[in-house]
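Hi,

Here is the structure I promised to pass along. Have a look at it first, and my notes come right after.

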Amino acid sequence: MWWPAALAASLALCLGVPALVASGTSASGTVSATPATDSPEAGFARDMAVHHQQAVDLSFIVRDRTADVPVRNLAFDIINTQANQRGMMMGWLDQWGLTQSSQAKPMAWMKMDHAYQPHDGSLMPGMATKADLDKLRGLSGRDAEIWYLQLMLEHHKGGVAMAQGYVDVAVNESEKRLAQSMVIGQTSEIQLITDMLAERGAKPAS
């Protein structure tokens, strides 16, 4: 189930990242202007990198908490795909000469009033709290599988909303294509995760 997506992500990293980061060009060959530190391009890269890192962390935790093959395969796919995408975004920030973090409020680049209040390590919608991660570390077997799937479902929903938010305002074609691939890929996984929960007699957390 996981190897085609993992292979595709690895090929994208090997073939696409060096060219995109080195040239800074769009698909049409037009050189993109260097984004400002408060631009949607920089803000999305920073925020989604943080969002992705937590998905990777969650997946590493569950990998060691269950022997269930479908869950471990899903975790492996998320680790590979999101770690590679995170590397692309960090590479762009470095190429642009911008810092990989800022003092701006998470998702401020979306220019919207967000009611979400960061708390206990959950910086953006969909992100798990430190307590959620601690709970996952304390579970095993079926309980760990269900809690991981519930957390990852919410995580993907938040990720899709943020990625679509960037697509709607994007001017950098390379980054826009990456965000679009996130929307498509994570939307597909949302259905997969929902089905996996149902197979385990569980429902989404919300």
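Below is what I found, going from the overall fold to a few single residues.

One thing up front: this is a predicted model, so please read everything here in that light.

**The fold**

The protein is all helix as far as regular elements go: it has six helices and zero strands. Read from the N terminus, the order is α-α-α-α-α-α. Of the 206 residues, 45% are buried. Among the contacts with a separation of 6 or more, 76% join residues that sit 24 or more positions apart. As for the surface, the protein exposes about 10000 Å², with carbon and sulfur atoms supplying 58% of that area.

**The core**

The largest nonpolar core holds 52 residues, and Phe 44, Met 89 and Tyr 148 have the most contacts inside it. The elements that put two or more residues into this core are H2 (40-63), H3 (69-95), H4 (130-137), H5 and H6 (173-199). H5 gives the largest share, at 13 residues.

If you want a place to start clicking, try Met 89. Setting aside residues up to four places away in sequence, Met 89 touches Phe 44, Ala 45, Met 48, Ala 49, His 52, Leu 178 and Met 182. Phe 44, one of these partners, is also on the list of residues with the most contacts in the core.

**Helix H5 and His 156**

H5 covers residues 141-167. Is its length what you'd expect at 1.5 Å a residue? For 27 residues the span should be 39 Å, and the end C-alpha atoms are 38 Å apart, so the two agree. Of those 27 residues 20 are buried, so H5 is largely enclosed by the rest of the structure.

His 156 sits in this helix, and with a relative accessible area of 0% it counts as buried, since the cut-off is under 20%. What does the side chain of His 156 make a polar contact with? The partner is the side chain of Glu 189, at 2.6 Å. Leaving out neighbours within four places in sequence, His 156 is in contact with Ile 78, Gln 82, Gln 186, Glu 189, Ile 190 and Ile 193.

**The loop between H3 and H4**

Three residues in this loop caught my eye. Most residues other than glycine have a negative phi. Met 107, which lies in the loop between H3 and H4, has a positive phi of about 70° without being a glycine. Asp 120 is in the loop between H3 and H4 too, and has a positive phi of about 50°, again without being a glycine.

Are these residues buried or exposed? Met 107 is buried, at 7% relative accessible area, whereas Asp 120 counts as partly exposed, at 39%.

His 119 also belongs to the loop between H3 and H4, and is partly exposed with a relative accessible area of 40%. A polar atom of the His 119 side chain lies 3.0 Å from the backbone oxygen of Gln 117. The C-alpha atoms of His 119 and Thr 129 are separated by 7.2 Å, although the two are 10 residues apart along the chain.

That's the lot from me. Shout if anything looks odd on your side.

Cheers

Methods: Residues numbered from 1 in each chain as written. Predicted model: local features only at pLDDT ≥ 70, side-chain atom pairs only at ≥ 80, totals over all residues. Heavy atoms only, no water. Helix = DSSP H or I, 4+ residues; strand = E, 2+ residues; numbered from the N terminus. Buried < 20%, exposed > 50% of the residue type's maximum accessible area, 1.4 Å probe, protein only. Polar contact = N/O pair within 3.5 Å; in protein donor to acceptor, adjacent residues only side chain to side chain. Contact = heavy atoms within 4.5 Å. Expected span 1.5 Å × (residues − 1). Core = buried A, V, L, I, M, F, W, Y, C linked by side-chain atoms within 4.5 Å. Areas by Shrake-Rupley, 256 points an atom, 1.4 Å probe, with all protein chains shown as cover.
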